[in-house]
Amino acid sequence: MHDTTALLVELGAVILGLGIIGRFAGRIGLSPVPLYLLAGLAFGHGGVVPLSASEDFISVGAEIGVVLLLLLLGLEYSASELVGNLRAQYPSGAVDFVLNAVPGAVAALLLGWGPVTAVALAGVTWVSSSGVIAKVLTDLGRLGNRETPVVLGVLVIEDLAMAVYLPLLTTLLAGLGLAAGGVTLAIALGTVGTVLYLALRHGRLLSKAVSSDNPEMLLLVVLGLALVVAGITQKLQVSAAVGAFLVGIALSGEVAAGAGRLLTPLRDLFAAVFFVFFGLSTDPAAIPPVLLPALALALVTTGTKIVTGWYAARRAGVHPRGRLRAGGALVARGEFSIVIAGLAVATEPRIGPLATAYVLILVVAGPPAARYTEPAVAALGRLLGRDAFARPMPEPVEAAEAAGAAGTFEVTPPEDSTARR
């Protein structure tokens, strides 16, 4: 009874605190994500008031939060739009890999950590946080913007690439033979291919099977399906986030709209829990010794992510303002980076604190970067007497075709997008 009482009190205090933090962030016009993370640091091991009774519950809630974030994002787009976006954006995925994985690999080699750890740190700096970015795009009211499908395409390519990268990294870290590593990799690729095939070919049948006039039944079926698929894909060495996202795109029409309305409050609750848990899992005492190298790496890869977003949006014919918004939105790192570092920490213990500090810096800097990159560059241009955004640039033929392949979306003016906060 005592443990249950402590669990209820701690959990209630955390949720109440999140509500107060969220209201405060709304009053000052900022995303609450950085404040959620700082709250997690305060309540984690080594923090001001460590939590104990509710830590396991918060851990499970964090996993559900990631699933709901990606499920709701997937409900915004159809399977055909996803495929068109991937076809249009695969060169951007290659540029993203080169610009953002290389700095991590070089840093590991300079620190003398060896080639295997270099592969791990390359993954830490490469992959943006789908969970953080999905929340930030929602908070800023940018889901309907022209550049959002471009950001989504880069994120999906990264997430799907993890189906290849994570088994490969695990094989390198464990020193497995070629045969064992090949089997793991084949299972991962087969899982992604199967889920994509079902989403593309049988999405309408799935929507019809899930459809219900009873909101309670619709909520239970969609949420249960997303959790089951997420669990199966994670068991098969594929990200749970990828599975949840693919469930979202497999649903369409009234089912997607109804499920989105019902699941939005749950997403907001568990997404907040996810960000708090991220802070809880970080020991504040381990951050200062690695703060300078982590900060240097964060500065470099912030720039490379902005360049990635600019390049990807330019290929889709997006106006320069939207290109900067796309680049700023991609800055945050998060859940995948921590998973990768956790796999490598047994081989090189020093990668743990460095990755934690690096991700904490960028997960805090990510929401402001998404919001202020475009206006900051515009202000700098005005100071220099040059306004690069004065007139829209004509779209090349190939850029217009890429934009069409990404699907048709309503373009929200920059002023409207930021004013929604």
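Helix 10 and helix 11 are oblique to each other, because their angle falls in none of the other classes (under 35 degrees is roughly parallel, over 145 roughly antiparallel, 65 to 115 roughly perpendicular, and the rest oblique). This is a predicted model, in which local features need pLDDT of at least 70 and side-chain atom pairs count only at pLDDT 80 or more, while totals for chains, interfaces and linings use all residues. Residues are numbered from 1 along each chain as its sequence is written, and side-chain values use heavy atoms, with hydrogens and water left out.

**Stop 1: helix 10 and helix 11**

Select residues 215-235 for helix 10 and 240-250 for helix 11. Helices here are DSSP runs (H or I, at least four residues), numbered from the N terminus. The two axes come within 7 Å and cross at roughly 140°; axes are lines fitted to C-alpha atoms, for helices over the stretch in contact, and angles run from 0 to 180 degrees between N-to-C directions. The crossing is right-handed (the near helix is turned clockwise from the far one by less than a right angle).

Now show Leu225, Ala226, Val229, Ala230, Thr233 and Gln234 of helix 10, which meet Ala240, Gly243 and Val247 of helix 11. Contact means heavy atoms within 4.5 Å. This contact has 6 nonpolar, 3 polar and no charged residues (Ala, Val, Leu, Ile, Met, Phe, Trp, Tyr, Cys and Pro are nonpolar; Asp, Glu, Lys and Arg are charged; the others, Gly among them, are polar).

**Stop 2: a cavity beside helix 11**

Keep helix 11 and add helix 7, residues 148-174; each supplies at least two residues of the lining of the second largest cavity. On a 1 Å grid over the protein atoms alone, a cavity is a set of points where a 1.4 Å probe fits but cannot get out, and lining residues have an atom within 4 Å of a point. Which residues line the second largest cavity? Select Leu70, Val156, Asp159, Leu160, Val242, Phe245 and Leu246. By class they are 6 nonpolar, no polar and 1 charged. The volume is about 40 Å³.

**Stop 3: helix 13 and helix 16**

Select residues 291-315 and 351-383; these helices pack at an angle of about 40°, with axes 9 Å apart. Helix 13 and helix 16 are therefore oblique to each other. Among the residues in contact are Leu291 and Ile306 of helix 13, and Leu354 and Thr373 of helix 16. The contact residues divide into 12 nonpolar, 3 polar and no charged.

**Stop 4: helix 14 and helix 16**

Stay on helix 16 and add helix 14, residues 320-329; their axes come within 7 Å and cross at roughly 150°. That makes helix 14 roughly antiparallel to helix 16. The contact includes Arg321 and Arg325 of helix 14, and Thr373 and Glu374 of helix 16. Its residues divide into 6 nonpolar, 3 polar and 3 charged.

Definitions and conventions
1 Å grid on protein atoms, 1.4 Å probe; cavity = no way out; pocket = protein on both sides within 12 Å on 5 of 7 lines; lining within 4 Å. Points joined across faces, edges and corners; volume = space filled by probe spheres on them.
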